[in-house]
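Visitor: Please pick a single part of this model and look at it closely. After that, I would like to see how the terms you use there apply elsewhere in the chain.

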Amino acid sequence: MGTTPLRRLRTWLAAFVGSIVLVGGLGFAPAATADDTFAPVPVAVSTTPETIGSGGHATSRIIFQASGPIADVYVAFRNTVTGKFHEQITQGSYNAADSTYSFDVFFEQGTPPGSYLAQYISIRTAAGQEVGYWRDGSIYNPNGLPVSGTAAVPLSALDFNYDTPVDIDRPHTTGVYRGGDRYWDPYTMGLFIRDSWGRLGLFPTGGNGTWQQAYEVGSGWNIFNTMFTAGDFNSDGENDVIARDSAGSLFLYPTNGWGGWDPRQQIGWGWGIFSSIFAADDFNGDGNNDLLARKTNGELVLYPGNGHGGFLAPFTVGWGWNGMTSIFSPGDFDGDRKPDVLARDSAGNLVFYGGNGSGGWTSSRVIGQGWNAITKLGGAGDFDGDGANDVWGIDTSGQMRMYYGNGSGGWKSFGVVGWGWGGFNAVF
């Protein structure tokens with residue numbers, strides 16, 4: 001199961017396109033067509049600051065000579081000590097008035113400190129065409145785009161030192177492939193869906209509140225009664241999926257970084273005693289992603305991950321959770337860089353439970369009412385790219401609603417971002 005690459009659009013999707021509407025200017029990605037007048041050439045580049053401290057975040061700027069808007073840019077950096085390439089998402093925007101693309105470079109947690117040299121820039125047009133520039137001045141132009149006679153500037157101005165990064169809240173969202181399915185962006189939210197035939201699909205997003213084209217990523221998933229994204233559970237740098245079958249066996253599905261899956265691994269037995277299982281990021285603060293599981297008697301148990309796809313000794317972190325109709329972790333919801341938990345009670349109240357970062361709790365409070373109108377509910381990661389984690393919910397009419405977090409334990413706004421989601425029997 002789950003061997004189909006992400007980048008291969010399958011015919012089953014056609015049935016969904018007619019019934020699922022993505023709104024707010026979202027839509028599906030435009031078809032790749034010729035872009036004859038687009039000739040992107042970087043004529044100035046810079047990174048500020050040159051030494052990046054905690055958080056792994058730098059603001060960079062590229063000035064292009066171009067005749068059309070730029071849809072996406074990514075930069076590949078090489079660590080001078082390890083030689084490893086780090087291809088990172090550049091979350092930014094293009095300003096047609098002065099032909100500039102300003103963006104932030106985010107490095108995933110665990111990236112080794114050191115000097116990083118920019119090796120390659122890939123620029124994608126709104127029509128899906130691509131042109132790239134290597135550090136040595138050579139050009140990658142697979143679509144035959146017209147390239148201006150102006151020589152691209154050296155990429156050395158994007159070089160920087162990465163110094164003592166802080167291991168902040170690891171994302172447990174699905175992420176998305178960027179740059180023509182050539183690298184994994186772990187910070188951009190995506191949602192897996194399963195249909196009644198057991199086919200698994202992925203709805204990736206653009207990192208700014210937009211949806212990208214959906215893809216099939218596997219079949220035969222109807223044998224599972226619980227599925228969830230678990231972040232990087234085996235410490236290979238890729239976000240993974242965990243699933244439980246009807247026999248209570250727990251399986252890890254590692255993603256392979258190229259749009260498919262590595263062989264699945266059975267990581268547990270007897271998990272049928274739990275009425276709910278969900279990812280909890282690094283809930284105990286030891287640097288590895290963890291799981292929380294609720295027994296039918298209301299006991300909530302933490303299963304600390306060991307960083308290699310298995311578990312350390314579990315321990316109880318709460319009682320009385322059997323009154324909750326939905327439990328999940330949105331990651332860090334209140335801005336303290338520690339993962340939290342949200343739960344809906346039988347009255348429809350949504351309750352916030354603050355994690356203390358060491359396997360316990362800080363406080364709890366009601367942050368919403370009327371949530372019993374939502375049939376499926378979960379953490380979305382950062383859907384709109386504002387730096388705060390969000391929550392998604394599917395209502396009884398099949399509308400996909402997005403509830404935007406304000407980064408301090410409350411809400412900024414909400415909106416309907418799609419219809420027809422009620423036809424899926426699992427969304428995670």
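Guide: What follows starts at one loop and then moves on to aromatic rings, salt bridges and strands. The model is a predicted one, in which local features need pLDDT of at least 70 and side-chain atom pairs count only at pLDDT 80 or more, while totals for chains, interfaces and linings use all residues. Residues are numbered from 1 along each chain as its sequence is written, and side-chain values use heavy atoms, with hydrogens and water left out.

The part chosen is the loop between β25 (324–331) and β26 (340–345), where D332 is located. Strands such as these are DSSP runs of E with at least two residues, and helices are runs of H or I with at least four; both are numbered from the N terminus. D332 is buried, a word that stands for under 20% relative accessible area, whereas exposed stands for over 50% and partly exposed for the range in between, using a 1.4 Å probe and protein chains only.

What is the nearest side chain of opposite charge to D332? It is R337, 6.1 Å away, and D332 has no salt bridge. For the charges, Lys and Arg count as positive and Asp and Glu as negative, with His and the chain ends not counted. A salt bridge requires a side-chain nitrogen of Lys or Arg within 4 Å of a carboxyl oxygen of Asp or Glu.

The side chain of D332 does have backbone partners. One of its polar atoms lies 3.0 Å from the backbone nitrogen of G335, and the side chain also reaches the backbone nitrogen of D336 at 3.3 Å. A polar contact is a pair of N or O atoms within 3.5 Å; within protein, one atom must be able to donate a hydrogen and the other to accept it, and residues adjacent in sequence count only if both atoms are side-chain atoms.

The loop between β25 and β26 also holds F333, which is linked with F352 in strand β27 (residues 350–355), 19 residues apart. The ring centres of F333 and F352 are 6.5 Å apart and their planes are at 40°, so the pair is tilted. Rings of Phe, Tyr and Trp (its six-membered ring) pair if their centres lie within 6.5 Å; planes under 30 degrees apart count as stacked, over 60 as edge-to-face and the rest as tilted. F333 is buried, with a relative accessible area of 1%, and F352 is buried with a value of 1%.

The structure holds 32 aromatic pairs. Another of them is formed by Y120 and W134, with ring centres 4.4 Å apart and planes at 45°, so this pair is tilted. Y120 is in strand β8 (residues 114–125) and W134 in strand β9 (residues 130–134), 14 residues apart. At 1% relative accessibility Y120 is buried, whereas W134, at 37%, is partly exposed. One aromatic cluster is made up of F192, W221, F224, F251, Y253, W261 and F428.

D332 lacks a salt bridge, but a search of the whole structure finds five. One of them joins D159 and R135, with the closest N and O atoms 2.8 Å apart. D159 is in the loop between β10 (139–140) and β11 (160–162) and R135 in the loop between β9 and β10, 24 residues apart. D159 is buried at 17%, while R135 is partly exposed at 29%. In another salt bridge, E299 meets K295 with closest N and O atoms 3.4 Å apart; E299 is buried at 10% and K295 is partly exposed at 25%.

Strands come last. Strand β17 (residues 224–231) has seven of its eight residues buried, so it is largely enclosed by the rest of the structure. Six bridges pair β17 with strand β18 (residues 240–245) in the antiparallel sense, and M227 has A243 in β18 as its bridge partner. Two strands pair if DSSP finds at least two bridges between them. An open sheet of four strands runs in the order β21-β22-β23-β24, with antiparallel pairing. Its edge strands, β21 (274–279) and β24 (315–318), each pair on one side only. Five bridges join β21 to the antiparallel strand β22 (residues 291–295), and A279 has L291 in β22 as its bridge partner.
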